[in-house]
Amino acid sequence: MNRLAPAVLAFLVTTVTAFPAAAQVRIAYIDPLSGAMGATGEHGLNELQFAAELANAKGGVLGQKIEIVPMDNKLSAQESLILLKSAIDQGIRYISQGNGSSVAGALIDAINKHNERNPDQTVVFLNYAAVDPDFTNDKCSFWHFRFDANSDMKMEALTSHMQGDKGIRKVYLLNQDYSFGHQVAKAARAMLTAKRPDVQIVGEELHPLAKVKDFSPYVAKIQASGADSVITGNWGNDLALLVKAARDANLHVNFYTYYAGTVGVPQAMGEAGVDHVKVVSYWNANGTPPSMEPMIEAYKKKYGATSDPYSQALRSSVEFLVAAMKKANSTDPAKVAKAMEGMTLEGPFGPMTMRAEDHQLIQPLFIGTFVKAGGKLKRPAEGTTDFAFRLEQKLDGPATARPTTCKMRRS
Amino acid sequence: MELALASLLNGVTYGLLLFMLSSGLTLIFSMMGVLNFAHASFYMLGAYFGYVISTRVGFFPALILAPLAVGAIGAAVERFGLRRAHASGHVSELLFTFGLAIVIEEVVHVIWGKTPVPYRVPASLDGPLFTLYSSTFPTYKAFMMAVSVAMLAALYAGLTRTRAGLVIRAALSRPDMVEALGHNVPRVFMLVFGGGTALAALAGVIGGNAFITEPGMAAALGPIVFVVVVVGGLGSLAGAFIASLAIGIVQTFAVSLDYSIHGMSLSRVAPVLPYLIMVAMLIARPRGLMGTRES
């Protein structure tokens, strides 16, 4: 050990001193890259890396390249804070995270504290998927930017769509037992009662996040409740296993979901989900403009023919970051954050605006139904060749916006 | 009534799968005194092998070939790894199997990636078997139950009615005597370890397509298997059987009953209940339901 020490020290010194010379904009990607939700985190990493490559191919930003530094948080808030610390110690000033509002909440708190204590070394959080509405309302932070629609915005879109369907009489709410699942259940109950007082909510259930292997008991309960529709914010395996168990028990309900299009889920649903699963999403694979074709083809070439670059929020986050750096003519997080406020960029489906008052991206949303691919539906759902999402309804950005209670403290 | 019956069926099905998974672990523990942390990893390997073989040759050959292949890997692990670790005591063994679990997970990542593989139930077993009120009971679940019960019968007969079973049971209580009588105990150890992992793999072939085959499946099922073994009694096959069924049924009914304590509904704590049972069991009756020894 004693003989090794000088070598280790030398290595550390060279790596530490090597950083400033590299002149790169580094983004730490803190998400689960192993464990039950590892597949979901891995997909996000692929998309973020791809987004960085796209930006670098266009010359990067201010003469610098964007580099992604993956960090596996195992879906643990505790672990994420350690990784955040290590990212900051490495000189990384931009954090990207999305899976789990439990993690995002902890990161926001930690970043707020860090920035207050170290005003010359601030950090900006690019949130691509943690959709707890609190983050852009009561808990809003100047350092946090959300590129996904929040849970309430998605529920507003879903319930608006359900409003017109008179076949819906009895609704069951099944969600994951943590902040996000609670928000989904709360919003579903409030909005559904307001829009459809005649609809009865026949059951409300919370189950532990990423722990349930067999959903048959839950399905039996839904069956017994007589529900015709289920609203769920479940993601990852929690959704795939639920739909699978529903098929096995011959449960005939429509699922209204947030994440039916994400990695692993369309594959697990298969035939069982056809015509029964709806999704609200900012991505419409079969409605992309021709200008996106080269990007999609390049993505498929890199990550497999059945892959679907559905995490538009990650591309948006990199595009906004680059645009804000150019506008601020600096990579300093405080200046970049100011520049990003109120910025509007043209997205694939219409304009996207980073609302200044709460840092919530306002973008178009889509309601889709899981169906057989074919005809006009050329792009199959992630991981499949035979299934796709058929567009039911498009909501333009302004139609999805909701008021905020945020009182932003600007430094 | 409808919910109660459906829940009972679901509970028994889940319990029987748990038994398939834990019987191998019980066998290994009772014979060798090794708490195999990598047991659920062999379950996962079984699922992946089952997936690969069933897409090439068919599901039913996979049902036999995958456990054989995994059993061979298990035997090799015992022969070239565990046997050496054994010399330095139980802690080394524990650490060895713990490390092995992580290695297996990484190997699975490298070969099959981190996303679920499309391992499907064979067409001949897909579809409903019978209708119970308004819900159907899938044929595949009945098949799972049948395999599990057949496995219990075969194991029981093998251990109590054959000469090999006699040696294995003798080694449980008097390993030195068995060795003195001229039996090659290390080789028996190897076969038992291989057999135990093969049983886990069989559960994997069957459970992999019933649920989802992905690299997180071992970590998800790992702890619950230990609960079964501890509650049932370390080393008792019958105990493991009863504990599996009990845990399956308790967990299912906790979800379906609308019962809450201080506003915390029972269904929200359902997945934690087995661990609660284990802790209670360790305090009240450390040797488990039908355990034959104290530690």
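**View 1. Chain A of this predicted model splits into two domains.** Domain 1 of chain A covers residues 4-149 and 309-362. Domain 2 of chain A covers residues 152-281 and 364-400. Each domain is thus listed as two stretches of the chain. Between the domain centres, taken over C-alpha atoms, lie 29 Å. Domain 1 of chain A brings 24 residues to the contact, and domain 2 of chain A brings 26.

**View 2. Domain 1 and domain 2 of chain A bury surface between them.** The buried area is about 1900 Å². Carbon and sulfur atoms make up 69% of that area. Four residue pairs across this interface are in polar contact, both partners being at pLDDT 80 or more. On the domain 1 side, the elements giving two or more residues are α2 (38-57), α4 (101-117), β12 (350-354) and β13 (361-362) of chain A. The most comes from α2(A), with three residues. Sorted by class, the domain 1 side holds 13 nonpolar, eight polar and three charged residues.

**View 3. One salt bridge is counted between the two domains of chain A.** Zoom in on a charged pair. The side chains of A:Lys154 and A:Asp148 form a salt bridge, at 3.2 Å from N to O. A:Asp148 falls within the 4-149 stretch of domain 1, and A:Lys154 within the 152-281 stretch of domain 2.

**View 4. A:Glu341 sits in a loop of chain A.** This loop runs between α12 (333-340) and β11 (344-347). Is A:Glu341 buried or exposed? A:Glu341 is buried, because its relative accessible area is 15%, and the cut-off for buried is under 20%. The side chain of A:Glu341 makes a polar contact with the side chain of A:Arg410, at 2.8 Å. Leaving out residues up to four places away in sequence, A:Glu341 touches A:Phe142, A:Phe145, A:Met354, A:Ala356, A:His359 and A:Arg410.

**View 5. Chain B and chain A meet at an interface.** Chain B supplies 34 residues to the contact, and chain A supplies 31. About 2900 Å² is buried between the chains, with 56% of it from carbon and sulfur atoms. How many salt bridges are counted between chain B and chain A? The count is zero. Nine residue pairs are in polar contact across the interface, both partners at pLDDT 80 or more.

**View 6. Several elements of chain B build its side of the interface with chain A.** Among those supplying at least two residues each are α4 (90-112), β2 (135-138) and α8 (185-210) of chain B. The most comes from α1(B), with five residues. By class, the chain B side has 15 nonpolar, 11 polar and eight charged residues.

Terms used. Residues are numbered from 1 along each chain as its sequence is written. Chains are lettered from A and ligands numbered from 1 in the order in which they are written. This is a predicted model: local features need pLDDT of at least 70, side-chain atom pairs count only at pLDDT 80 or more; totals for chains, interfaces and linings use all residues. Side-chain values use heavy atoms; hydrogens and water are left out. Contact means heavy atoms within 4.5 Å. Buried area is the accessible area (1.4 Å probe) that two parts lose on being put together, summed over both. A salt bridge is a side-chain nitrogen of Lys or Arg within 4 Å of a carboxyl oxygen of Asp or Glu. A polar contact is a pair of N or O atoms within 3.5 Å; within protein, one must be able to donate a hydrogen and the other to accept it, and residues adjacent in sequence count only if both atoms are side-chain atoms. Helices (H or I, at least four residues) and strands (E, at least two) are DSSP runs, numbered from the N terminus. Ala, Val, Leu, Ile, Met, Phe, Trp, Tyr, Cys and Pro count as nonpolar, Asp, Glu, Lys and Arg as charged, and the others, Gly among them, as polar. Buried means under 20% relative accessible area, exposed over 50%, partly exposed in between (1.4 Å probe, protein chains only). Domain bounds come from an automatic or database domain assignment.
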